[in-house]
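User: I'm new to this structure. Could you take me through the annotated binding site up close?

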Amino acid sequence: MSIKPMEIALDEARAAAARGEVPVGAVITNPQGVVVARAGNRTRELSDPSAHAEMLALRAACAAAGSERLPGHALWVTLEPCPMCAAAIGFARIARLYYGASDPKSGGVAQAPRVFTHPQCHHAPEVYDGIAEEPAAALLRSFFSSLRR
Ligand SMILES: [Zn+2]
């Protein structure tokens, strides 16, 4: 497995930080492994609490596909998805989810809500965590420590 899509997601996270957004980036690859969408957080820029990197990438990939479902696609994200994004990933029928850093505070995959193991979840992707975890976590640490200064 190549982790190249995660490197692109990290680039998107860095770009988000440069815009003053929480540094999270996401990439969607099609069944052939081709990148079909990439995005970073834009909640502040768009004044939209749902403009998480995963949501923006899903919207772009679905628009390009002309479908609300993306079977066979993989979503790569630098941080464990929150419950909102995890639910949207399920709705989109994403086949595989790769994420970097875990998010004990707001995560919805391995943390409390555990969206994909919830009885109401109709579709759960295969989940691979800890992909490029260290650079993803370092970006978040430096972003939040700069806020506290
Ligand atoms: Zn989210």
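Analyst: Sure, let's start with the record: an unreviewed UniProt entry lists His52, Cys82 and Cys85 under "binding site". UniProt positions are given in the numbering used here, feature names are shortened, and annotations may be inferred rather than shown by experiment. These residues span 34 positions in sequence, yet no two of their C-alpha atoms are more than 9.1 Å apart, so they gather at one spot.

Before going on, two notes. This is a predicted model, where local features need pLDDT of at least 70, side-chain atom pairs count only at pLDDT 80 or more, and totals for chains, interfaces and linings use all residues. Residues are numbered from 1 along each chain as its sequence is written.

Now His52: you'll find it in the loop between helix H2 (43-46) and helix H3 (53-65). Helices here are DSSP runs of H or I with at least four residues, numbered from the N terminus. His52 has 26 C-beta neighbours inside 10 Å, so it counts as buried; the cut-off is 20 or more other C-beta atoms within 10 Å of a residue's own, with C-beta atoms placed from the backbone. Leaving out residues up to four places away in sequence, His52 touches Val24, Asn41, Thr43, Cys82 and Cys85. Touching means that the C-beta atoms, placed from the backbone, lie within 7 Å.

Cys85 sits in helix H4 (residues 83-91). Cys85 is buried too, with 27 other C-beta atoms within 10 Å. With residues up to four places away in sequence again set aside, Cys85 touches His52, Glu54 and Met55.

How values were computed:
Helices (H or I, at least four residues) and strands (E, at least two) are DSSP runs, numbered from the N terminus. A residue is buried if 20 or more other C-beta atoms lie within 10 Å of its own, exposed if 12 or fewer, and partly exposed in between; C-beta atoms are placed from the backbone. Two residues are in contact if their C-beta atoms, placed from the backbone, lie within 7 Å.
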